[in-house]
Amino acid sequence: MPSNKYWNDRYLNDDIGWDIGEISRPIKHWLDNYKKKNKKILIPGGGSGFEAGYAYEKGFKNTYYLDFSKVAVNKFKKTFPSFPETQIISKNFFSLSDFNGFFDIIIEQTFFCAIQPSMRLRYVNKIYDLLQKNGIVIGLLFNLEFKKDTPPFGGTKKDYKLIFEPKFNVIKMEKCINSIAPRAKNELWFCLNKKDKILL
Ligand SMILES: C[S@@+](CC[C@H](N)C(=O)[O-])C[C@H]1O[C@@H](n2cnc3c(N)ncnc32)[C@H](O)[C@@H]1O
């Protein structure tokens with residue numbers, strides 16, 4: 001898995017092609033239309049934090065930002081100084097153990113594609129554990145394969161359904177219609193709902 005140092009160096013070298021410099025348009029649209037402002041939201045691999053900062057400023061006061069890159073965390077704090085310190089989790093996502101069953105919503109924006117495909121099952125198990133009963137995951141996944149051994153790691157709807165379906169109901173997974181221009185036609189908008197009972 002790309003290490004903490006790998007990500008810190010990418011921020012330090014300003015090699016952050018994934019960073020769109022503002023909130024992702026499809027996620028902004030979703031937040032602008034979602035009314036339940038008291039929900040507990042986690043944005044893992046939050047990076048510069050435009051999604052977390054926007055959500056918080058929009059009134060989602062229970063938004064949590066997570067990233068294990070100190071450089072990203074500091075960048076986020078500088079851009080959004082009023083975001084509560086207690087809602088900034090500077091940890092490895094995979095070792096997050098003290099928030100099990102805590103979140104209602106997890107927002108995915110270029111974090112899943114940052115982790116090695118061999119870790120995807122662990123990602124699915126972790127989001128499952130972090131979510132409350134009936135919790136949801138919304139966001140974006142790449143709808144293409146990059147065929148490289150460094151991030152981003154892409155995939156297809158078929159691949160994603162295969163790994164999510166054992167633990168989540170796939171409510172939506174379809175071509176995103178309001179992607180930013182450089183990602184047009186290459187993203188899937190998805191919504192998952194944590195399954196109540198899992199058949200082992
Ligand atoms: C491709 S960047 C995306 C950042 C942000 N979501 C965006 O769209 O600008 C991936 C982010 O995930 C973070 N990251 C990668 N693996 C992580 C892990 N295991 N735990 C926590 N953060 C991680 C990196 O530090 C980086 O900020």
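How do the residues of the shell around the ligand divide into nonpolar, polar and charged? The split is 10 nonpolar, 7 polar and 2 charged, where Ala, Val, Leu, Ile, Met, Phe, Trp, Tyr, Cys and Pro count as nonpolar, Asp, Glu, Lys and Arg as charged, and the others, Gly among them, as polar. Before going on, note that this is a predicted model: local features need pLDDT of at least 70, side-chain atom pairs count only at pLDDT 80 or more, and totals for chains, interfaces and linings use all residues. Residues are numbered from 1 along each chain as its sequence is written, and side-chain values use heavy atoms, with hydrogens and water left out.

Back to the ligand. It is surrounded by 19 residues, each with a heavy atom within 4 Å of it, and the closest are Y11, G45, D67, Q109 and T110. Look next at the polar contacts (pairs of N or O atoms within 3.5 Å). A backbone N or O atom of Q109 sits 2.7 Å from a ligand nitrogen, one of F93 is at 2.9 Å from a ligand nitrogen, and a polar backbone atom of F68 is 3.2 Å from a nitrogen of the ligand. On its own the ligand has 590 Å² of accessible area, and the protein covers 97% of that (Shrake-Rupley, 1.4 Å probe).

Now for the sheet. It is open, with 7 strands in the order 3-2-1-4-5-7-6 and mixed pairing; strands are DSSP E runs of at least two residues, numbered from the N terminus, and two of them pair if DSSP finds at least two bridges between them. Strand 3 (88-89) and strand 6 (168-175) are at the edges with a single partner strand each, so one side of each has no neighbour in the sheet. Strand 1 (residues 41-44) runs parallel to strand 4 (residues 103-108), joined by 2 bridges, and L42 has I106 in strand 4 as its bridge partner.

Terms used. A polar contact is a pair of N or O atoms within 3.5 Å; within protein, one must be able to donate a hydrogen and the other to accept it, and residues adjacent in sequence count only if both atoms are side-chain atoms. Helices (H or I, at least four residues) and strands (E, at least two) are DSSP runs, numbered from the N terminus.
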